[in-house]
Amino acid sequence: MAATIIDSSIFGNIFSTAAMRQVWSDENRTAKYLAIEAALARVQGRLGIIPAEAADEIVRNCVLEKIDMEKLAAQTQRIGYPILGVVSQINALCRDKLGEFCHWGATTQDITDTATVLQIREGLDLVDTELTAISSLMASLAKRYRDTPMIGRSNLQQAVPITFGYKVAGLLSAVERHRTRLAELRPRILVGEFAGASGTLASIEVGGLETQAGLMQELGLGQPDIAWHTIRDNIAEVGCFLGLVTGTLGKLSTDVKLMMQTEVGEVYEPYAHGRGSSSTMPQKRNPISSCYIHACTSVVRQHVAALLDANVADHERSTGPWEIEWIVLPEAFCLAAGALAQARFVLEGLEVDEKRMRANLEMTNGLVVSEAVMMGLGPHLGREYAHDLVYDICRVAIQENRPLLDLLVENPEISRHMNRDELSKLCDPANYLGLSGEMVDRVLRRRENR
């Protein structure tokens, strides 16, 4: 019976994905334990640390289908860790007590940590795939709407014009940095663990480092310089990365929610019959995916804090901080996968209302270009005086609900220097987009040059 939102048969594919749940499943985790034990036996068999016959027998029985999962659950509850339960089952499956050579010189945390790293590798591959797809979708939107004017907002108030392409390109620049971060952190994170009880490899008098090197080569992982049983910055870095990624997705979802407001109506999540409906208000179209992204993002941030807390470990083997990772790392990955999937869905079918964007630009009767007017008058009247003059005219425009352009034309000081056509150009929001287009192009070029 599922008790969490991630494993729920109803909510599971809203807040996560099947692929990411599989990565962190009991079955995949146990399969990783078996893969590590088999690899360890192969390496030690080649090095002559254990008999070759024992190595072959151990490898033959490191098969998930041979493990009794119910028995493993009972053993784990009794012992406190699953590794010994797995090893004891492998031992029992092997003939002639050859299984006694399984797990030779290893400690529980060696297998557990290395399995976690293997799961992280699979999880990061899924994240990478989604980030690549989201990057492509954002790039298409930024290019398509490069020159589409809309209002920029500051403190939820209308500020100065931007373009929708500029808005999307800002998010795209962050996604591209995440992709760079992911490539950079892989060598630091994808490092296995094999060091024995206190990390000194004392349990293997000869061939300890050779075993470690061979094991990591078998698994495709980096070899550690020293044990990291209680040095957990690598795991915390993964959490911080997920926090940064979902933070950007949270920014995306927040802007979509705000732009979907009835009073704004500039973009909408993809339409599907009945999606976002209210049980009592038939007219509503709620920002469903954005709500789910927001929730996932918020919880991932809390899990990042927990993973940072797990860094504070005692001595060479910890008493509790390690187990924090068991709880929150899988959930952080699963929720991040849910946020990524929802963001991809939103971007794939985002509806953009360019006419509404233009209408919102014009709803203040030209006040949003007051800065443009001030700067245009600056060379004629002086910047400070132009600022105060335009400020006073703006107050009149608000009080009398009149177009800024008409009041500018009526002002004798201004009309001496500019005619209506010149002032009209200053009052057109489409003429005050700054370097929005050029900045969009820069982001797109950097992405293409990756």
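Select helix H7 (residues 108–144) together with helix H10 (residues 233–259) in this predicted model. Their axes come within 13 Å and cross at roughly 25°. Because angles under 35 degrees count as roughly parallel, H7 and H10 are described as roughly parallel to each other. The crossing in which H7 passes H10 is left-handed.

Next, display the side chains at this contact. H7 contributes Ile120, Leu124, Val127, Leu131, Ile134 and Met138, while H10 contributes Ile235, Val238, Phe241, Leu242, Val245, Leu249 and Leu252. Which classes of residue make up the contact of H7 with H10? There are 13 nonpolar residues, with no polar and no charged ones.

Keep H10 in view and add helix H8 (residues 164–189). H8 and H10 pack at an angle of about 170°, and their axes are 10 Å apart. Angles over 145 degrees count as roughly antiparallel, so H8 is roughly antiparallel to H10. On the H8 side, select Phe164, Lys167, Leu171, Ala174, Val175, His178, Arg181, Leu182, Leu185, Arg188 and Ile189. On the H10 side, select Asn234, Glu237, Val238, Phe241, Leu244, Val245, Thr248, Lys251, Leu252, Asp255 and Met259. Coloured by class, the contact of H8 with H10 divides into 13 nonpolar, three polar and six charged residues. Val238 and Phe241 of H10 are listed in the contact with H7 and also in the contact with H8.

Now turn to the nonpolar cores. In soluble globular proteins, nonpolar side chains tend to be buried together. The largest nonpolar core here has 97 residues, of which Ile120, Met138, Phe164, Phe241, Leu242 and Phe333 touch the most other members. Which helix supplies the largest share of this core? H7 does, with 14 residues. Centre the view on Leu242: beyond its neighbours within four places in sequence, Leu242 is in contact with Val127, Val300, Ala332, Phe333 and Ala336. Apart from this core lies another, of 25 residues, including Met374, Leu389, Ile393 and Ile414.

Move next to Trp228, in the loop between helix H9 (208–219) and H10. Is Trp228 buried or exposed? Its relative accessibility is 7%, so Trp228 counts as buried. Not counting residues up to four places away in sequence, Trp228 touches Asp113, Val117, Val191, Gly192, Glu193, Asn234 and Ile235. Among these, Asn234 also belongs to the contact of H10 with H8, and Ile235 to the contact of H10 with H7. For a distance across the model, draw a line from Trp228 to Val369: the two are 141 residues apart in sequence, with their C-alpha atoms 58 Å apart.

Select Ser290 next, in helix H11 (residues 288–309). Ser290 is buried, with a relative accessible area of 1%. Outside the residues within four places in sequence, its contacts are Ser253, Val256, Lys257 and Glu269.

The last stop is Asp428, in the loop between helix H18 (420–426) and helix H19 (436–448). Asp428 has a relative accessible area of 23% and is therefore partly exposed. Which residues does Asp428 contact, leaving aside its neighbours within four places in sequence? Arg358 and Val369 are the two to display. To relate this loop to the start of H11, select Ser289 as well: Asp428 and Ser289 are 139 residues apart along the chain, and their C-alpha atoms are separated by 35 Å.

Key:
Residues are numbered from 1 along each chain as its sequence is written. This is a predicted model: local features need pLDDT of at least 70, side-chain atom pairs count only at pLDDT 80 or more; totals for chains, interfaces and linings use all residues. Side-chain values use heavy atoms; hydrogens and water are left out. Axes are lines fitted to C-alpha atoms, for helices over the stretch in contact, and angles run from 0 to 180 degrees between N-to-C directions. Helices (H or I, at least four residues) and strands (E, at least two) are DSSP runs, numbered from the N terminus. Angles under 35 degrees count as roughly parallel, over 145 as roughly antiparallel, 65 to 115 as roughly perpendicular and the rest as oblique. A crossing is left-handed if the near helix is turned anticlockwise from the far one by less than a right angle, and right-handed if clockwise. Contact means heavy atoms within 4.5 Å. Ala, Val, Leu, Ile, Met, Phe, Trp, Tyr, Cys and Pro count as nonpolar, Asp, Glu, Lys and Arg as charged, and the others, Gly among them, as polar. A nonpolar core is a set of buried Ala, Val, Leu, Ile, Met, Phe, Trp, Tyr and Cys residues joined through side-chain atoms within 4.5 Å. Buried means under 20% relative accessible area, exposed over 50%, partly exposed in between (1.4 Å probe, protein chains only).
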